[in-house]
Amino acid sequence: MKYNGLTDVEAEESRKKYGSNEIPDSEPTTFWDEFKETFGDPMIRILLVIAALMIVMFFFGYAEIYEPVGTIVAVLIVAFVSAKTGVASDKKYRQLKDRTKKDECKVCRNGVIAVVDVDDVVVGDKVLLQSGDKIPADGILVDGSLRVNNSALNGEAEECKKTAAEETAELSEEITGDTFVDDYSLFRGAIVFDGEGVLDVRRVGLKTMMGRMAEEMQEDEPDSPLKVKLSKLAGQISRFGYIGAVVIAVLYMIYFVVSAGGFDAYLAIGASEIIKDVVEAVSLAVVIIVCAVPEGLPLMISLVLMQNTSKMLDHNVLVRKAEGIETAGSLNILFSDKTGTITKGMLEVVEFFTADGTTIPLSELGQHSAVKEMLDLAICKNTASLYDAEHRVIGGNATDQALLKFAGEDTFRTLAGKTEYPITDSQGFNSSNKFSQVHLGGCNRTLYKGAPERLVQGAIGCLDASGIVKPLDGVALDAKIAELASKAMRVLAFGYSEQPLKENQVNEDLVLIGLVGIRDDVRPEAKEAIEEVQSAGIQVVMITGDRLETAAAIARDAGLIRGEADQALTSAQLAAMSDEEVKEKLKDIRVIARALPTDKSRMVRLCQEMNLVVGMTGDGVNDSPALKRADVGFAMGSGTEAAKEAGEIVILDDNFKSIKDAIWYGRTIYHNILKFCKFQLVINVAAVVVSAISPFFGIEEPLKVTHLLFVNLVMDGLGAIMLGNEPALERYMDEKPRRRDESIVSRKMMAQILVMGAWLTALSFLYLKLPVFRGLFETEEQLMTSYFVLFIASALFNGFNVRDDGFAIFARLGENPGFIRVFLLILLVQALIVNAALIPVTVFTWIGNMFSCVPFGLKGWGVVLLLAATMIPVDMLRKAIVNKR
């Protein structure tokens with residue numbers, strides 16, 4: 001090697017001046033950090049405030065300890081489940097990284113070649129690069145020539161040629177997509193495909209392109225749409241509860257004053273009685289707040305997300321962060337990689353045609369034996385690739401490998417075993433000739449493979465579909481080549497000559513066998529999935545490091561570009577536009593070509609500023625910052641660990657169809673959360689109203705604190721199982737996306753909650769006041785116990801109502817067997833609580849006393865369940881009226 005490199009002293013000075021090449025890893029997730037993060041949830045904070053109030057009232061003798069203790073236990077369960085899930089995912093990825101050996105490189109130091117850790121490279125180092133090496137830092141190629149794979153940086157596995165520049169050449173400060181494919185710039189993370197050269201290191205560590213990406217990954221992630229919606233719901237519920245509590249407390253005090261015969265008469269009863277009334281009014285206000293706040297909602301959401309993450313594995317979707325799957329259902333715009341996601345991720349022969357312009361379908365090529373035989377020889381005998389013992393194609397470049405796969409292993413091995421086709425002379429492909437040639441001794445023919453423009457100019461004829469030599473029709477051939485070029489296909493021609501091989505020349509008697517179109521083709525299932533996602537109102541933008549022409553052609557085939565308004569832009573064009581200009585044109589953008597990692601992050605930021613929910617797919621290190629910044633990042637299963645760590649969801653089969661399934665299940669989860677909210681808020685509204693106005697009807701505490709505990713925790717926890725597993729419906733994909741800040745409770749949903757809450761409230765007072773019902777029970781305690789059963793059973797029957805916005809409330813119960821099981825389980829638990837006193841064991845007596853329940857007869861149970869079932873016809877009537885409008 002002609003370079004002496006740096007001395008150890010110079011290397012240390014460079015490290016002090018320009019910094020280390022180490023890119024710091026993110027801090028590991030700890031259980032305590034994840035646990036604490038749960039308490040930032042606004043709903044959790046409201047629950048803790050309520051628990052604190054109830055504890056204070058307990059010490060003053062105005063409340064039971066069960067409610068605050070139960071609420072705190074529920075909060076701790078939510079925090080524990082969330083923290084455990086988060087730490088497990090992070091630990092799994094860090095263990096995988098720890099098992100991976102650190103990258104090393106060959107550096108010239110002190111006049112000799114030394115192997116050092118990549119982290120030890122400094123500015124000024126001369127790094128020897130050879131085939132298969134990973135480039136350790138950003139810099140300039142100052143000696144040799146290379147072919148480089150930049151896919152870790154720009155997502156495209158194209159072979160990029162690099163030639164040596166003068167040592168005085170500068171590494172560009174402004175990196176664009178074109179910089180990656182210039183003549184001499186090299187970047188950390190890229191792989192040397194072939195060749196040998198020397199890298200002059202110019203930037204290290206966080207100053208490299210990869211380092212800048214790592215820094216972007218340290219930025220805080222935005223709140224998920226679900227968290228935003230829950231914050232809004234928490235605020236609405238808080239205002240409802242607090243305002244309602246104050247109003248009821250004031251009305252209660254007015255009731256005391258009126259009952260006493262006026263304000264003066266009330267003051268005359270004495271301070272001790274007034275204080276007692278005030279405490280009673282405040283106690284009622286706290287009960288109102290407890291009724292209003294849905295304590296079980298955070299637990300329900302945690303359970304629903306956990307239940308559905310396992311289902312997604314059947315659809316090749318691994319959910320790393322549970323909230324990511326719900327967020328997928330809220331997407332407004334999705335930025336998708338091209339290679340391997342929309343396309344198959346590998347070059348393949350997609351079309352064959354003879355030189356007269358006749359296309360022969362690939363499946364029918366075997367029927368044209370004369371053409372097929374010559375084509376097989378031209379491919380299998382004139383290639384740098386081969387099949388290994390594991391049946392894999394190795395060696396050669398990507399084009400050679402695609403051609404050999406097209407020919408097939410059986411054909412390759414058959415021809416390799418035939419002695420009548422010995423290779424007597426050959427010349428490999430080079431960039432000046434643009435063709436390769438090989439002479440076969442047995443048939444005395446020279447076979448050619450190369451660029452059409454090189455072979456056509458020497459051709460005297462061509463084979464037709466029957467294998468007969470015909471005159472060459474240059475016009476028809478040019479038209480066919482132009483057609484394929486417009487589809488971003490690389491066209492290769494094959495021919496043969498009866499003369500010996502002539503170096504660097506095409507023989508004058510060349511006959512064209514035919515031509516093939518090669519490209520990384522669109523996945524058939526991806527095209528269908530893109531159409532479904534677009535039908536769901538989600539804008540899909542292909543963002544790729546490929547050339548604009550290639551990207552636009554693929555986008556047309558995939559159904560992304562359909563009309564004149566649909567735009568395909570390059571990274572340079574995007575950089576020339578202001579943020580406001582990009583936002584203005586965003587709705588029409590379908591392709592961003594030659595994209596940089598910074599382009600992806602910028603597009604995510606701008607979309608979020610427009611209040612859009614953004615999804616980003618990616619597989620390389622280059623994608624990691626954008627994956628992390630997006631509302632939901634879809635990392636590809638075949639991608640880098642950095643990408644998987646940054647994403648919320650890993651697409652195991654790298655298929656766009658699986659992304660569509662993730663969106664579908666995300667929407668299903670959100671619908672199930674809405675169903676649960678309707679289920680729970682009907683109970684809460686009724687509980688608030690009944691508790692608030694019952695004193696004015698002479699009924700004291702129709703629902704005890706322990707009853708509210710049962711409603712808010714037991715019912716809600718099991719309700720999550722009832723409604724969290726409702727099946728995914730195709731019609732969810734026909735809905736338009738929701739806004740990030742859209743309220744969970746829509747007007748239509750609020751109408752159902754208020755109507756059914758009002759009916760349950762009316763049913764409660766009719767039951768408690770009408771003599772026909774009171775006469776069914778021997779004691780007041782039995783009546784109040786039966787009312788507790790009526791309240792819970794009514795809520796359970798309302799569970800059927802929320803399953804469907806129409807009348808199909810009993811449909812697909814077989815797909816959610818947990819619904820009926822939980823329905824019956826809750827009734828069984830309630831029956832045990834009511835009849836606990838019949839069991840002569842101390843603990844059961846204590847349970848009966850805790851819930852203020854006494855046994856009552858079967859006749860009472862029958863009437864209660866019959867009245868509770870009226871929730872179904874009442875809601876059916878409401879739906880019939882609403883649907884007529």
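**Exercise 1. Take stock of the fold: how many helices and strands are there in the protein chain?**

Start with the secondary structure: the protein chain has 33 helices and 25 strands. Keep in mind that you're working with a predicted model. Next, check burial: 54% of the 885 residues count as buried. Then turn to contacts with a separation of 6 or more: 73% of them in the protein chain come from residues 24 or more positions apart.

**Exercise 2. Find the largest nonpolar core: which residues have the most contacts inside it?**

Size comes first, and this core has 116 residues. Inside it, I342, F634, F656, M715, Y767 and F791 have the most contacts. Now look for the main contributor: helix α25, residues 656-693, gives the most, with 20 residues. There's another core apart from this one, made of 31 residues and including M374, V438, Y496 and V516.

Zoom in on Y767 and skip its neighbours within four places in sequence. What's left in contact with Y767 is F773, F777, L783, S786, Y787, L790, V864 and L867.

**Exercise 3. Work out how α13 packs on α15: at roughly what angle do their axes cross?**

Two packed helices are described by the angle between their axes and the distance between the axes. Pick up helix α13 (residues 369-380) and helix α15 (residues 409-417): their axes come within 10 Å and cross at roughly 80°. Angles of 65 to 115 degrees count as roughly perpendicular, so α13 is roughly perpendicular to α15.

Now list who touches whom. From α13 you get K372, D376, L377 and C380, which meet T411, F412 and L415 in α15. Sort the residues of this contact by type and you have four nonpolar, one polar and two charged.

**Exercise 4. Do the same for α27 and α33: what is the handedness of their crossing?**

Geometry first: the axes of helix α27 (residues 747-769) and helix α33 (residues 871-884) come within 11 Å, crossing at roughly 140°. Roughly antiparallel would take an angle over 145 degrees, so α27 ends up oblique to α33. As for handedness, α27 and α33 make a right-handed crossing.

Then collect the residues. On the α27 side, the contact uses A751, Q752, V755, M756, W759 and L760; α33 brings M871, V874, D875, R878 and K879. By type, the contact of α27 with α33 splits into seven nonpolar, one polar and three charged residues.

Notes. Residues are numbered from 1 along each chain as its sequence is written. This is a predicted model: local features need pLDDT of at least 70, side-chain atom pairs count only at pLDDT 80 or more; totals for chains, interfaces and linings use all residues. Side-chain values use heavy atoms; hydrogens and water are left out. Axes are lines fitted to C-alpha atoms, for helices over the stretch in contact, and angles run from 0 to 180 degrees between N-to-C directions. Helices (H or I, at least four residues) and strands (E, at least two) are DSSP runs, numbered from the N terminus. Angles under 35 degrees count as roughly parallel, over 145 as roughly antiparallel, 65 to 115 as roughly perpendicular and the rest as oblique. Contact means heavy atoms within 4.5 Å. Ala, Val, Leu, Ile, Met, Phe, Trp, Tyr, Cys and Pro count as nonpolar, Asp, Glu, Lys and Arg as charged, and the others, Gly among them, as polar. A crossing is left-handed if the near helix is turned anticlockwise from the far one by less than a right angle, and right-handed if clockwise. A nonpolar core is a set of buried Ala, Val, Leu, Ile, Met, Phe, Trp, Tyr and Cys residues joined through side-chain atoms within 4.5 Å. Buried means under 20% relative accessible area, exposed over 50%, partly exposed in between (1.4 Å probe, protein chains only).
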